[in-house]
Amino acid sequence: MTGSLLVDNIGELVTNAPDGPGALGVRRNAALLVEDGLVAWVGPARDAPAADRRIDAGQAAVLPGFVDSHAHLVFAGDRAAEFAARMAGEPYTGGGIRTTVGATRAASDDELRDTVRRLRGEALRQGTTTIEIKSGYGLTVADEARSLRIAGEFSEDTTFLGAHVVPGEYADRPDDYVGLVCGPMLAAAAPYARWIDVFCERGAFDVDHARAILACGQAVGLGVRVHANQLGPGPGVRLGVELGAASVDHCTHLTDADVDALAATRVDCMCAEGGHTATVATLLPGAEFSTRSPYPDARRLLDAGVTVALATDCNPGSSYTSSMPFCVALAVREMRMTPAEAVWAATAGGAAALRRTDVGRLTPGARADLMILDAPSHLHLAYRPGVPLIRQVLHNGVPQ
Ligand SMILES: [Zn+2]
């Protein structure tokens, strides 16, 4: 679609402008002009320029589209029975990942593609305009490469997670599996991936294996992210900091040394929020919800000056939700975040976790990725949990 589009009569516009008034850069009675898929102008509605088309927001709130920086969408089958067993008292260990690996290997490309398309659509309808997609349920050279190839049809931010778990056929020789991941699997996956990730956890990959795999990925130009400190305390967060990871994800069990290490990655800037940490702590409250586990302490991280992102961790085992509004509500209710902090973390925070400056904000030059709420304020996302409040989504300036 060509031509200009004016989103007019916005009651509350969340821009996340770094130099804007308040944490979210909120403007009242605003308008926003879209040209060529980008935000071309933002200002008071009374000063709005002429445009080819116009959307009347009706004094509703308009926010940047959510940036979901952690999702596992390429898989087959579901694990509803495992969820039911967990809710009946069985603990979560991560071992169920192998169930999904078996189903994924047996699925056709079209079956995998249909699942990604369905979940991508589901997320978009809930306001998510950017979503990172990981591999990690193939765990063979061919299955990891095709998972990433399919992921790349739906996202620019694809992540090679060949080191999700050690697959059953390598159970008694994990060193050999690490060799496979760093060798032929990485070679096949890298052309389709922007990032590399490792599940660094007891029962998955220890710190030496994780460091070796992430270093191999870095050597071929992939950015680093780490699944860290989800099930218990461990070295994952500090490994991520050591390697300059864009994000360490989960961060449920942190020591003071972990928090200090994250805070020490702070990069100061002249902007209103005073800078950010080069390594973002990405919190995934859907996983704690779905495994009935204690939530991470976002307040502790924020008070230490650590940049926090919120993401869904959408996957069939431990967090089968694609809903960023649900994660925002959980973060406010269960993780001691304010509504403004949670909305920022789910938009600009996710962009920081993906090291992107073109999304997560509504400032001139950014992508025109936005949502119009059926509500007057961003507060309603947490204040009215479970209610479908996303009235309309624009992706690259195009109404969805
Ligand atoms: Zn994950």
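Analyst: An angle between a helix and a strand is taken between their N-to-C directions and runs from 0 to 180 degrees. The model discussed here is predicted.

User: With that convention, at what angle does helix H6 run to E10, and which strands does H6 lie across?

Analyst: Helix H6 (residues 207-219) runs at about 175° to E10 and lies across E9, E10 and strand E11 (223-228).

User: How should the sheet itself be read, and what is the order of its strands?

Analyst: In general, sheet strands are joined by backbone hydrogen bonds, in either a parallel or an antiparallel sense. Here, 7 strands form an open sheet with parallel pairing, in the order E8-E9-E10-E11-E12-E15-E16.

User: Why is one side of E8 and of E16 left without a neighbour in the sheet?

Analyst: Strand E8 (133-134) and strand E16 (308-310) are at the edges and have a single partner strand each, so one side of each lacks a neighbour there. E8 is paired with strand E9 (residues 158-163) in the parallel sense through 2 bridges; lysine 134 has threonine 159 in E9 as its bridge partner. Helix H5 (residues 174-189) packs on the sheet, where it touches E9 and strand E10 (195-200), and its direction makes about 150° with that of E9.

User: Which residues of helix H2 are buried, and what covers them?

Analyst: An α-helix has 3.6 residues a turn, so residues three or four places apart point the same way. In helix H2 (residues 97-106), the buried residues include Ile97, Thr100, Val101 and Thr104. These residues span an arc of only 110° around the axis, and therefore lie on the same side of H2. Thr99 and Ala106, on the other side of H2, are exposed. Among the elements covering the buried residues are helix H3 (109-125), helix H4 (141-151) and E10.

Terms used:
Residues are numbered from 1 along each chain as its sequence is written. This is a predicted model: local features need pLDDT of at least 70, side-chain atom pairs count only at pLDDT 80 or more; totals for chains, interfaces and linings use all residues. Side-chain values use heavy atoms; hydrogens and water are left out. Two strands pair if DSSP finds at least two bridges between them. Helices (H or I, at least four residues) and strands (E, at least two) are DSSP runs, numbered from the N terminus. Contact means heavy atoms within 4.5 Å. Buried means under 20% relative accessible area, exposed over 50%, partly exposed in between (1.4 Å probe, protein chains only). The arc is that of the directions from the helix axis to the C-beta atoms.
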